[in-house]
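Here is a short briefing on one protein chain. Look at the sequence and the 3D view first, then work through the points.

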Amino acid sequence: MLIHVYKDAQEVGKAAAMIVAAEILKKEDCVLGLATGSTPIPTYKEMARMNKEGLIDFSKVRSYNLDEYIGLAPDHICSYRRFMNEQLFDHINIDKANTHVPCGIGEDHEADAKAYDEAVEAAGGIDLQILGIGHDGHIGFNEPGDEFISATNIVTLTDMTIDANTRFFEKRDDVPRQAITLGNRNIMAAKRIILLATGKDKAPAIAAAIKGNITPKMPASLLQVHPNVQFLLDEAAASLL
Ligand code: F6R
């Protein structure tokens, strides 16, 4: 595990975008695993800037997002598909047909999860996975539990996650209680992972993920055994290391 500490969230974003650029330089049709939430926003802004300036070409890049809320249509203002379009895809020269976000409104969520799992594997797996981390240590929406869930699955969000994500909705009751998320197998199978964390509120989860026991009660701790993972942290998120 490599741990890099930067001054602030903007510097984390610049470093992460540079890693994305290097990945695309190495493989123009690489498969990016993407996350939503506040943390990757500076990274996505920097990726858009680099694309605009001709430094990165996304025209052949493929992407698979980690997760989507169950019950939210792609055009819902709080859906992760909409988030990705607004924060990244609308600002870069990626072919939207090559971007994938799990479906949260299908009739058979289990079948959708299986299909998404298979699609990621058929694409050759993820070359570079960008992760954030929840206050409870979740990666994707793989919440703490008694076992590591392997495949893409339907999860019930913890109260801590619902509380944290209420800021994106009008009120707490509007936050969906379930999500569809890539499983730990897809995440761990990624050839390279960068986990981004910024802010003091992420410091306890980061310390537990890096220094604590490997346990499904702290899903991000599983990354300790990934052969190619980098933590990109700002000083506040690294403050308990
Ligand atoms: C989002 C995701 C989540 C977030 C995590 C942190 O696609 O998979 O694991 O990365 O909840 O969210 P923020 O960055 O908003 O603190």
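The notes below go through the strands, the aromatic rings, a few single residues and the empty spaces.

This is a predicted model. An open sheet of seven strands is one part of the picture. Five aromatic pairs are another. There is also a pocket with about 440 Å³ of space, the largest in the model.

**The seven-stranded sheet**

- The strand order in this open sheet is β1-β10-β9-β6-β2-β3-β5, and the pairing is parallel.
- Strands β1 (2–6) and β5 (99–100) are the edges, and each pairs on one side only.
- Inside the order, β6 pairs with β9 (residues 192–197) in the parallel sense. Four bridges join β6 and β9.
- One bridge to find is that of Ile 130, whose partner in β9 is Ile 194.
- In a regular strand, side chains alternate between the two faces of the sheet.

**Antiparallel pairings around β8**

- Strand β8 covers residues 178–181 and runs antiparallel to β4, with three bridges between them.
- Asp 67 stands opposite Thr 181 of β8.
- Strand β7 also runs antiparallel to β8, and four bridges join these two.
- Here Val 155 stands opposite Ala 179 of β8.

**The aromatic rings**

- The structure holds five aromatic pairs. How are the rings of Tyr 69 and Tyr 80 placed? Their centres are 4.8 Å apart and their planes meet at 45 degrees, so this pair is tilted.
- Tyr 69 belongs to strand β4 (residues 67–69), while Tyr 80 belongs to helix α3 (residues 80–87). The pair therefore ties together parts that are 11 residues apart in sequence.
- Is Tyr 69 buried or exposed? Tyr 69 counts as buried, because its relative accessibility is 1%, and the cut-off for buried is under 20%.
- Tyr 80 is buried too, with a relative accessible area of 8%.
- Tyr 80 also pairs with Phe 141. Their ring centres are 6.1 Å apart and their planes are at 20 degrees, so this pair is stacked.
- The stacked pair links distant parts of the chain, 61 residues apart. Tyr 80 sits in helix α3, and Phe 141 sits in the loop between β6 (128–131) and β7 (153–156).
- Phe 141 is buried, at 3% relative accessible area.
- Which residues form one aromatic cluster? Tyr 69, Tyr 80, Phe 141 and Phe 169 do.

**Asn 186 and its contacts**

- Asn 186 is part of helix α6 (residues 184–189).
- With 5% relative accessibility, Asn 186 counts as buried.
- The Asn 186 side chain makes a polar contact with the side chain of Asp 117, at 3.1 Å.
- The Asn 186 side chain also reaches the backbone nitrogen of Gly 183, at 3.2 Å.

**Val 101**

- Val 101 lies in the loop between β5 and α4 (109–122).
- Is Val 101 buried or exposed? Its relative accessibility is 15%, so Val 101 counts as buried.
- Val 101 and Ala 35 are 66 residues apart along the chain. Their C-alpha atoms are separated by 10.0 Å.

**The largest pocket**

- Rolling a probe the size of a water molecule over the atoms shows where empty space is left.
- The largest pocket holds about 440 Å³ of space.
- How many residues line the largest pocket? The lining has 27 residues. Gly 37, Ile 133, His 138, Asn 165 and Lys 202 lie nearest the pocket centre.
- Helix α5 (residues 159–165) gives the largest share of this lining, four residues.
- By class, the pocket lining has 10 nonpolar, 12 polar and five charged residues.

**The cavity**

- The model has one cavity of 30 Å³ or more.
- The volume of the largest cavity is about 30 Å³.
- Residues lining the largest cavity include Asn 142, Glu 143, Glu 147, Phe 148 and Ile 149. Asn 184, Pro 216 and Pro 219 are also among them.
- By class, the cavity lining has four nonpolar, two polar and two charged residues.

How values were computed:
Residues are numbered from 1 along each chain as its sequence is written. This is a predicted model: local features need pLDDT of at least 70, side-chain atom pairs count only at pLDDT 80 or more; totals for chains, interfaces and linings use all residues. Side-chain values use heavy atoms; hydrogens and water are left out. Rings of Phe, Tyr and Trp (its six-membered ring) pair if their centres lie within 6.5 Å; planes under 30 degrees apart count as stacked, over 60 as edge-to-face and the rest as tilted. Buried means under 20% relative accessible area, exposed over 50%, partly exposed in between (1.4 Å probe, protein chains only). On a 1 Å grid over the protein atoms alone, a cavity is a set of points where a 1.4 Å probe fits but cannot get out, and a pocket is an open set with protein on both sides within 12 Å along at least five of seven lines; lining residues have an atom within 4 Å of a point. Grid points are joined across faces, edges and corners, and a volume is the space filled by probe spheres set on the points. Ala, Val, Leu, Ile, Met, Phe, Trp, Tyr, Cys and Pro count as nonpolar, Asp, Glu, Lys and Arg as charged, and the others, Gly among them, as polar. Two strands pair if DSSP finds at least two bridges between them. A polar contact is a pair of N or O atoms within 3.5 Å; within protein, one must be able to donate a hydrogen and the other to accept it, and residues adjacent in sequence count only if both atoms are side-chain atoms.
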